[in-house]
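Reader: I would like to go through this structure with you element by element, with the cut-offs behind each term stated as we meet them. Could we begin once it is on display?

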Amino acid sequence: MSSDHGKTLSTAEHGDEPAFPLPAHRHRLTDTSPRAARRAERQVAGMFVLSALLIVAFIAAYVAIPTSTFVNLGVIGIVQLSNLILGATFGLSILLIGIGAIQWAKKLMSDEEVTDERHPLGSPQEDRDEALAAFQMGVTESGFVERKIVRRTLIGALALFPVPLIVLLKDMGPLPGDSLRNTIWRKGSRIVIDVTGQPVKPQDMGVGTLISASPEDLNTIQEEQGNQNERAKASIILVRMAPDEIRSQQSPKGATWDYQGILAFSKICTHVGCPIALYQKATHHLLCPCHQSTFDLADSGNVVFGPANRRMPQLPITVDSEGYLVAQGDFQEPVGPSFWERG
Ligand code: FES
């Protein structure tokens with residue numbers, strides 16, 4: 001918009017002085033140099049073209065990469081190759097559209113500020129009457145009221161329209177059913193550090209320590225099953241506190257599920273399943289970063305705050321003949337979110 005036009009818009013009722021004077025407009029390089037403007041235009045167009053190519057790559061990857069192909073990304077772990085490529089191509093494509101749009105707005109669109117005088121927003125009554133009459137005439141002429149068969153079939157077709165979206169929900173995978181009731185933890189399963197795969201001895205953990213861990217044979221099982229379900233279900237945290245700080249455990253009377261103050265709990269929040277590892281040594285509270293559910297690990301993992309309505313399941317542990325921490329058995333209650341009411 002030209003400065004002249006801007007000035008007209010910013011002129012107040014009283015005189016030629018603008019009611020709200022704006023700072024003088026500072027020209028950008030692309031305003032003054034056609035060459036710079038063309039370069040910026042090429043950059044923006046390049047991002048949009050690249051974004052389109054990434055969408056083509058996304059479709060090709062969706063068709064070509066079998067879901068049974070996995071890659072080992074070291075520290076991150078084993079991931080499904082198709083998910084990796086689909087996520088990367090789609091994410092980058094969106095990112096490039098976003099960056100391109102920002103560049104377009106910053107470098108090529110007019111950045112001159114203007115003010116406009118306010119005026120009443122409501123239309124005069126005669127305009128409203130006219131619009132209503134035009135609408136009613138449109139309804140009559142369309143035959144929407146008279147042609148019942150067309151109207152009803154259209155409504156039927158529109159009612160079915162969302163069905164494909166619901167059908168696509170199937171791609172989100174099967175309902176968990178009873179699959180959350182059991183994990184691969186067995187009597188004698190060694191507990192290993194999640195990232196390094198090292199088995200843990202009690203002396204490796206000082207009071208206040210938290211370790212993310214999993215069963216030793218997880219990777220073997222995972223390769224056999226070709227999915228991440230077992231990893232998610234079997235993830236645990238180990239925490240150590242002074243034995244006399246433990247106020248209660250989930251173990252039945254006469255049994256103990258800790259080993260010398262080391263307790264194992266599921267790592268999956270019982271609210272909607274975020275992994276948790278934020279532990280406060282002084283209070284023994286475990287805080288879920290997603291919606292702030294807080295669990296007291298010194299008191300059976302009970303909920304002390306937040307939307308979760310079920311305690312964190314505790315894994316019974318002990319040591320084997322070589323002094324390594326092992327499970328006494330599987331969890332005694334389902335791990336994970338509690339919204340599938342388990343009775
Ligand atoms: S997932 Fe943990 S509080 Fe919501």
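**Helix, sheet and core**

Author: Of the 18 residues of α5, the number buried is zero, so this helix lies largely in the open; a residue is buried if 20 or more other C-beta atoms, placed from the backbone, lie within 10 Å of its own. The model is a predicted one, in which local features need pLDDT of at least 70 and side-chain atom pairs count only at pLDDT 80 or more, while totals for chains, interfaces and linings use all residues. Residues are numbered from 1 along each chain as its sequence is written.

Reader: How far does helix α5 reach from its first C-alpha to its last?

Author: Helices (H or I, at least four residues) and strands (E, at least two) are DSSP runs numbered from the N terminus, and α5 covers residues 125-142. The expected span is 1.5 Å times one less than the number of residues, which gives 26 Å for α5. Just after α5, Gly143 takes a positive phi of about 75°. The reach of α5 itself is close to the expected value, at 26 Å.

Reader: Which strands are the edges of the open sheet of four strands?

Author: Two strands pair if DSSP finds at least two bridges between them, and in this sheet the order is β7-β8-β9-β10 with antiparallel pairing. Three bridges join β7 to β8 (residues 285-287), and Gln280 stands opposite His285 in β8. The strands that pair on one side only are β7 (278-280) and β10 (302-305).

Reader: Which elements give two or more residues to the largest nonpolar core?

Author: A nonpolar core is a set of buried Ala, Val, Leu, Ile, Met, Phe, Trp, Tyr and Cys residues joined through C-beta atoms within 7 Å, and the largest has 36 residues, with Ile191, Leu238 and Leu315 among those with the most contacts inside it. Antiparallel pairing links β3 to β4 over three bridges and β4 to β5 over four. The elements asked for are β3 (191-193), β4 (210-215), β5 (236-240), β6 (262-266) and β13 (325-327).

Reader: With which residues is Leu315 in contact, leaving aside its neighbours within four places in sequence?

Author: Two residues are in contact if their C-beta atoms, placed from the backbone, lie within 7 Å. Ile236, which Ala213 stands opposite in β5, is one of the partners of Leu315. The full list is Trp185, Ile236, Ala264, Phe265, Ala327 and Phe331.

Terms used: Buried ≥ 20, exposed ≤ 12 C-beta atoms within 10 Å, placed from the backbone.
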